[in-house]
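Visitor: Could you walk me through this protein model, please? I am new to this, so plain words would help.

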Amino acid sequence: MPPAARYRLYVLGTLYCAPYVAMLVWGWQAYKARSILTLLLTIALGVLLLGALTRTWRRLFLAYIPFLLVSVAYAAYAFSFGVVPGHTLAIVLVSASWEELQGLWTLWQGKWLLLPLLGFQGMYLWLAWSLPDWPIFSRPARVVTRVLLALALPVTAFAAQNARQLIDGLALNPVAGSVMFCAGQIPRARGEIHGAGIVKFPYHARRPDGGEEVHILVVGESARRGSWSAYGYQRPTTPYLDHLKGGAFFLQRAMADANLTSFAVPMILTGMTPEQVSSERPHGTLLDLAKEAGYSTAWLVNQDLDVSTSLGITADRLEYPPDPQAGFFGRHTPDDVLLPAYQRELARVGVPRFIGLHIMESHWEYYRRYPPSFQRFGTANRLNTMSILLKGGTIAPDLTDAYDNSVLYTDWFLEQVIEQARRLRVPATVTFIPDHGESLPALDGGAAGHGQAFYNAAQFEIPAFVWVNDAYGAAHPRQVAALQENAAREIRSHDFFYTVADLMGIGWPGAKPERSFASPQFVPDTSGQLLVGGALMTRP
């Protein structure tokens, strides 16, 4: 074997192994021994299988080129995001449009990495192409093969003792992990997007008046009523809504049914009570009801999509913009990322339309919920992901400042939603309700965030309103009069399902006019039953 060719073989072997070594180093501390052994076992078996099929080193390295591309991309994703490709990436790939993926590419800061990667691939191809057709299984190679196969049996037996760690090890292998991702995560994500796993019952909904109308529901996040100047807060956090008060119905005693999103949003979109949502599965949502009644539906999400897929939301059009910077506390893209899709939905003239927006609004990390231009109160320089756990001391005012800035940005966002809807010549409504409130240490006795297993009023007392345009007021005076009459009464999260359906003019056998505050028959739910930290309790 000529020395030059031998060196090419060694270099090719190094390039071949590079993604595997990278994944081994990446997972060494975080993964268990069984997972690491599974990775090593699958690497060895993969080389032996490919070698048995190709028989020569040249054909092996050439045949491996597509797998090398996949392996490099897989390892790069793991290093960039701290996890192997999984459910989140699958949801993005299934739900994102081509234009959104192009936008993600435009914003990606790591595009420069492609140059060395292309050089890596080019060098590999040149080396593999110029390699002689040397056989793989010479006599020493056959001995090594037998040893590896003999060792594989006890290693497999050891790894198989823990199925979870075995699967984790398979996912560490870039090739095996890519197969698992394409064969498992992608179909699962596609099924979730289409409501698989949720048994739905038809509503038998109808809408006597089939004319064109547009109804918009904005589901917010962590909105504390006491921090909106529209409700009397001393800081001007909602300047637009302050001036809108005469043109919208602001609910004075709106109460969230839960202080956790995973419970609160299902109640808003299904009408289930706290007792029901903690013990039953949903069998349909407001979007299903609207579709049955002839509405074109859109669901625009800048939130954790698992909340939507767990309900089986299947809109005619789903918008879920990619967010490569999403962290433990949620997405980092500001809510205005949904406005282009919202504008497209408003422009679909000629059919009745229901448009839902699920936004991040004021979820912790507050300082990430708004662009720098909305940094009006205080400074966020001292805040980080863990600041909310400090609660007291000198950091508490900074938390309040950042939260108030997020409210200011939400006010601007709602202005865009309402003012664009105002241009419509057909009846239109905008309903806003957050999932729950939020506690701020400086204002709520040291409590911070939401979701705790104790009652804190700020986590349940929420801002909410309904805006209607002049065309809607003229076409539906009964609903408008009821909104005016009921705005000062206690209204709960689960009332919104029936109310928005009422605003849309939808009737069905299971309709409950006593639960719609857009109905003169509305009766407030004064049971006081809430889900506090996921546990059912009566409000103090």
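Guide: Let us begin with a term we will need: contact means heavy atoms within 4.5 Å. Please also keep in mind that this is a predicted model.

Visitor: Okay, so which strands does helix H16 lie across?

Guide: Helix H16, residues 339–346, lies across strand E1 (214–220), strand E4 (296–301), E5 and strand E6 (353–358), and the helix runs at about 170° to E6.

Visitor: And what is the order of the strands in the sheet?

Guide: The sheet is an open one of 7 strands, with mixed pairing, and its order is E2-E8-E7-E1-E6-E4-E5. Strand E2 (248–250) and strand E5 (317–319) stand at the edges with a single partner strand each, so one side of each has no neighbour in the sheet. On average, neighbouring strands of this sheet are turned by 10° against each other, if direction is ignored.

Visitor: How many bridges join E7 and E8?

Guide: Strand E7 (residues 428–434) and strand E8 (residues 465–468) pair over 4 bridges, in the antiparallel sense. Within that pair, Thr431 stands opposite Val466 in E8.

Visitor: Switching to helices now, how do people describe two that pack together?

Guide: Two packed helices are described by the angle between their axes and by the distance between the axes.

Visitor: So at what angle do H1 and H7 pack?

Guide: Helix H1 (residues 3–27) and helix H7 (residues 114–129) pack at an angle of about 140°, and their axes are 10 Å apart. That angle makes H1 oblique to H7, and H1 passes H7 in a left-handed crossing.

Visitor: Which residues meet there?

Guide: From H1 come Arg8, Val11, Leu12, Leu15 and Tyr16, which meet Phe120, Met123, Tyr124, Leu127 and Ala128 in H7. Sorted by class, the contact of H1 with H7 has 9 nonpolar residues, no polar ones and 1 charged one.

Visitor: And what about H2 and H9, how do they cross?

Guide: The axes of helix H2 (residues 33–54) and helix H9 (residues 163–172) come within 7 Å and cross at roughly 45°, so these two helices are oblique to each other. The crossing of H2 and H9 is right-handed. On the H2 side the contact is made by Arg34, Ser35, Ile36, Thr38, Leu39 and Thr42, and on the H9 side by Gln165, Leu166, Asp168, Gly169, Leu170 and Leu172. The residues of this contact of H2 with H9 divide into 5 nonpolar, 5 polar and 2 charged.

Visitor: How many residues of H12 are buried?

Guide: In helix H12 (residues 261–270), 8 of the 10 residues are buried, so the helix is largely enclosed by the rest of the structure. Among the buried residues of H12 are Thr261, Ala264 and Val265. After H12 comes Gly271, whose phi is positive, near 80°.

Visitor: New topic: where is Ser229, and is it buried or exposed?

Guide: Ser229 sits in the loop between E1 and helix H11 (239–244). Ser229 has a relative accessible area of 13%, and because buried means under 20%, Ser229 counts as buried. Leaving aside residues up to four places away in sequence, Ser229 touches Arg235, Pro236, Thr237, Thr238, Pro239 and Asp242.

Visitor: Last one, which residues cover the two sides of E10?

Guide: In strand E10 (residues 529–532), Gln529 and Leu531 on one side and Leu530 and Val532 on the other are all buried, and both faces of the strand are covered. E10 pairs with strand E11 (residues 535–538) in the antiparallel sense over 4 bridges, and Gln529 stands opposite Thr538 in E11. Their hairpin has 2 residues between the strands, and Gly533 takes a positive phi near 65° in it.

Terms used: Residues are numbered from 1 along each chain as its sequence is written. This is a predicted model: local features need pLDDT of at least 70, side-chain atom pairs count only at pLDDT 80 or more; totals for chains, interfaces and linings use all residues. Side-chain values use heavy atoms; hydrogens and water are left out. Axes are lines fitted to C-alpha atoms, for helices over the stretch in contact, and angles run from 0 to 180 degrees between N-to-C directions. Angles under 35 degrees count as roughly parallel, over 145 as roughly antiparallel, 65 to 115 as roughly perpendicular and the rest as oblique. A crossing is left-handed if the near helix is turned anticlockwise from the far one by less than a right angle, and right-handed if clockwise. Ala, Val, Leu, Ile, Met, Phe, Trp, Tyr, Cys and Pro count as nonpolar, Asp, Glu, Lys and Arg as charged, and the others, Gly among them, as polar. Two strands pair if DSSP finds at least two bridges between them. Buried means under 20% relative accessible area, exposed over 50%, partly exposed in between (1.4 Å probe, protein chains only).
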